[in-house]
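Hi everyone, thanks for coming. I'd like to walk you through a structure that's probably new to most of you, so let's get it up on the screen.

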Amino acid sequence: LVAPALRAVTPDPALAGMAPTAARLALAAGDEGLARRWRGLLAGAERDRLDFLLALAVPDAALPAGVGREGREFGSPALRIALLSALGRPVPARLWLLLPAAAWNTAAVPRAPVAAQLVLASAAPAKRVGETVLAALALAASGESDPVLLHAAIGGIERVGLDADARRFAVEAALAAGL
């Protein structure tokens with residue numbers, strides 16, 4: 001809805017206060033180029049946050065160097081790991097180190113319907129696109145920002161060859177979770 005108006009605005013230092021929002025809106029609209037233009041007005045954690053989102057949206061984008069440094073963190077490290085891993089991106093060791101101790105020794109109870117998990121587990125490797133997408137949507141809808149369910153859903157979509165859709169899904173999940 002706002003993408004056409006946003007495209008008409010030229011990023012300018014006088015608009016630096018709206019740069020984080022403008023860049024996120026551009027990514028939500030699927031316009032990575034516009035998000036990159038607003039990136040020039042960002043610094044510190046806001047720039048790292050946008051760089052992370054761009055790393056999800058663009059296959060060859062580098063992860064931000066600041067992710068994993070003390071004081072420059074944002075959002076759930078488990079969710080960031082799940083989204084990167086689901087897209088087949090390498091997960092830097094510094095992200096694993098940010099996980100709380102409970103993430104290593106507490107079993108997560110899946111909140112998603114078992115049927116959706118089982119369908120996804122059989123449909124994705126068999127390249128049944130329709131079944132995979134439906135099961136992935138059911139998982140994502142039931143788990144909101146649950147890293148395990150999003151990993152399964154996004155990974156399944158990528159496994160059937162819908163790489164661009166998987167990246168868009170990951171960006172939307174990251175935006176919805178406040179990353």
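I'll talk about salt bridges, then a surface patch, and then one contact in a loop. Before anything else, keep in mind that this is a predicted model.

Okay, salt bridges. As a bit of background, side chains with opposite charges can pair when their charged atoms come close. So how many salt bridges does a search of the whole structure find? It turns up four, and I'll go through some of them.

Let's begin with D31 and R7. These two form a salt bridge, and their closest N and O atoms are 2.9 Å apart. Where do they sit? D31 is in the loop between α2 (19-28) and α3 (32-39), while R7 is in helix α1, so this pair ties together parts that are 24 residues apart in sequence. As for how covered they are, D31 has 18% relative accessibility, and anything under 20% counts as buried, so D31 is buried. R7, on the other hand, comes out at 41%, so R7 counts as partly exposed.

Next up, D51 and R39. Their side chains meet in a salt bridge too, at 2.4 Å from N to O. Here D51 belongs to helix α4, residues 44-57, and R39 to helix α3, so the pair links parts that are 12 residues apart in sequence. Buried or partly exposed, what would you say for D51? With a relative accessible area of 11%, D51 is buried. Its partner R39 is at 23% relative accessibility, which puts R39 in the partly exposed group.

Then there's R128 with E131. Their side chains also meet in a salt bridge, 2.5 Å from N to O. R128 has 34% relative accessibility and counts as partly exposed, and E131 is partly exposed as well, with a relative accessible area of 35%.

Now over to the surface. Which residues make the nonpolar patch of about 360 Å²? That would be L1, V2 and L25. If you're looking for V2, check the segment before α1 (3-7). V2 has 43% relative accessibility, so V2 counts as partly exposed.

Last stop: D146. You'll find D146 in the loop between α9 (129-143) and α10 (147-159). At 14% relative accessibility, D146 counts as buried. What does the D146 side chain have within reach? A polar atom of that side chain lies 3.3 Å from the backbone nitrogen of L149.

That's my tour, thanks for listening!

Conventions. Residues numbered from 1 in each chain as written. Predicted model: local features only at pLDDT ≥ 70, side-chain atom pairs only at ≥ 80, totals over all residues. Heavy atoms only, no water. Patch = residues over 30% accessible without salt bridge, like charges linked within 9 Å, V, L, I, M, F, W, Y side chains within 5 Å. Areas by Shrake-Rupley, 256 points an atom, 1.4 Å probe, with all protein chains shown as cover. Helix = DSSP H or I, 4+ residues; strand = E, 2+ residues; numbered from the N terminus. Buried < 20%, exposed > 50% of the residue type's maximum accessible area, 1.4 Å probe, protein only. Polar contact = N/O pair within 3.5 Å; in protein donor to acceptor, adjacent residues only side chain to side chain.
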